[in-house]
Amino acid sequence: ISLLFSSIICLELNLANDLFLSSGKDQKFKLWDLNKEDGAPLAVVGLSNKKSLVIGNFDPAGVLFAIAYVDSHVGENPVNKIRLYDVEKYSEVFIF
């Protein structure tokens, strides 16, 4: 169990329903449903080509979630990116 928890970077619970988000050192961001019987994630966003930590959170209403990461660098300065996703469709709605 300690190996599992040492690989998790972000764990966020959606207070509006039984969904939660996780991200790990494998640069994968996952959306989970506590009620899903097979234990598989509902959606996975792979960002392994970014080589940065990936963090995220739900909006207060629980209808969107956002993930943030370092997309690239300009010289030594990081270029951060935030992606917004629709919780019900698991689809990206905005990148900034």
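This section describes the fold, strand pairing, nonpolar core and aromatic contacts of a predicted model.

The chain has 1 helix and 8 strands. Their order along the sequence is α-β-β-β-β-β-β-β-β. The chain has 96 residues, of which 28% are buried. The exposed surface of the chain is about 6,300 Å². Carbon and sulfur atoms supply 57% of that surface. Contacts between residues at least 6 apart in sequence were also examined. Of these, 25% join residues at least 24 apart.

Strand pairing was traced through β5, β6 and β7. Strand β5 covers residues 55-58 and runs antiparallel to β6. The two strands are joined by 4 bridges. Within this pairing, G56 has I67 of β6 as its bridge partner. β5 and β6 form a hairpin, with 5 residues between the strands. G62 lies in the turn of this hairpin and has a positive phi of about 80 degrees.

β6 also pairs with β7, which spans residues 77-86. This pairing is antiparallel too, and 10 bridges hold it. V74 stands opposite N77 of β7. The hairpin of β6 and β7 has 2 residues between the strands. Here G75 takes a positive phi near 65 degrees.

A positive phi also occurs at Q27, which is not a glycine. The value at Q27 is about 60 degrees. Q27 sits in the loop between β2 and β3. Its relative accessibility is 14%, so Q27 counts as buried, the cut-off being under 20%.

The largest nonpolar core contains 14 residues. Among its members, F29, L31, F58, F65 and I67 touch the most others. Strands β2 (19-24), β3 (28-33), β4 (43-46) and β6 (64-74) each supply at least two residues of this core. The most come from β6, which gives 3 residues.

The surroundings of I67 were then listed, leaving out residues up to four places away in sequence. I67 touches F29, V45, L47, V54, I55, G56, K81, I82, R83 and Y85. One of these, G56, is also the residue bridged to I67 across β5 and β6.

A66 likewise belongs to strand β6. Beyond its neighbours within four places in sequence, A66 is in contact with F29, I55, G56, N57, I82, R83 and L84. I82 is 16 residues from A66 in sequence. In space, the C-alpha atoms of A66 and I82 are 6.6 Å apart.

Aromatic contacts were examined next. The structure holds 4 aromatic pairs. One of them is formed by F29 and F65, and this pair is stacked. The ring centres of F29 and F65 lie 6.3 Å apart, with 20 degrees between the planes. F29 is in strand β3 and F65 is in strand β6, so the pair ties together parts that are 36 residues apart in sequence. Both residues, F29 and F65, are buried.

F65 also pairs with F58. The centres of these two rings are 6.2 Å apart. Their planes stand at 65 degrees, so the pair is edge-to-face; the cut-off for that class is over 60 degrees. F58 is buried, at a relative accessible area of 10%. F65 is buried as well, with a value of 3%. F29, F58, F65 and Y85 form one aromatic cluster. Of these four, F29, F58 and F65 are also among the core members that touch the most others.

A polar side chain, that of S22, was examined last. S22 lies in strand β2. Its relative accessible area is 11%, and S22 is therefore buried. The side chain of S22 makes a polar contact with the side chain of W32 at 2.8 Å. Not counting residues up to four places away in sequence, S22 touches C10, L11, K28, F29, K30 and W32. The contacts of S22 thus include F29, a residue of the largest nonpolar core and of the aromatic cluster.

Terms used:
Residues are numbered from 1 along each chain as its sequence is written. This is a predicted model: local features need pLDDT of at least 70, side-chain atom pairs count only at pLDDT 80 or more; totals for chains, interfaces and linings use all residues. Side-chain values use heavy atoms; hydrogens and water are left out. A nonpolar core is a set of buried Ala, Val, Leu, Ile, Met, Phe, Trp, Tyr and Cys residues joined through side-chain atoms within 4.5 Å. Buried means under 20% relative accessible area, exposed over 50%, partly exposed in between (1.4 Å probe, protein chains only). Contact means heavy atoms within 4.5 Å. A polar contact is a pair of N or O atoms within 3.5 Å; within protein, one must be able to donate a hydrogen and the other to accept it, and residues adjacent in sequence count only if both atoms are side-chain atoms. Rings of Phe, Tyr and Trp (its six-membered ring) pair if their centres lie within 6.5 Å; planes under 30 degrees apart count as stacked, over 60 as edge-to-face and the rest as tilted. Accessible areas come from the Shrake-Rupley method with a 1.4 Å probe; for residues, only the protein chains shown count as cover. Two strands pair if DSSP finds at least two bridges between them.
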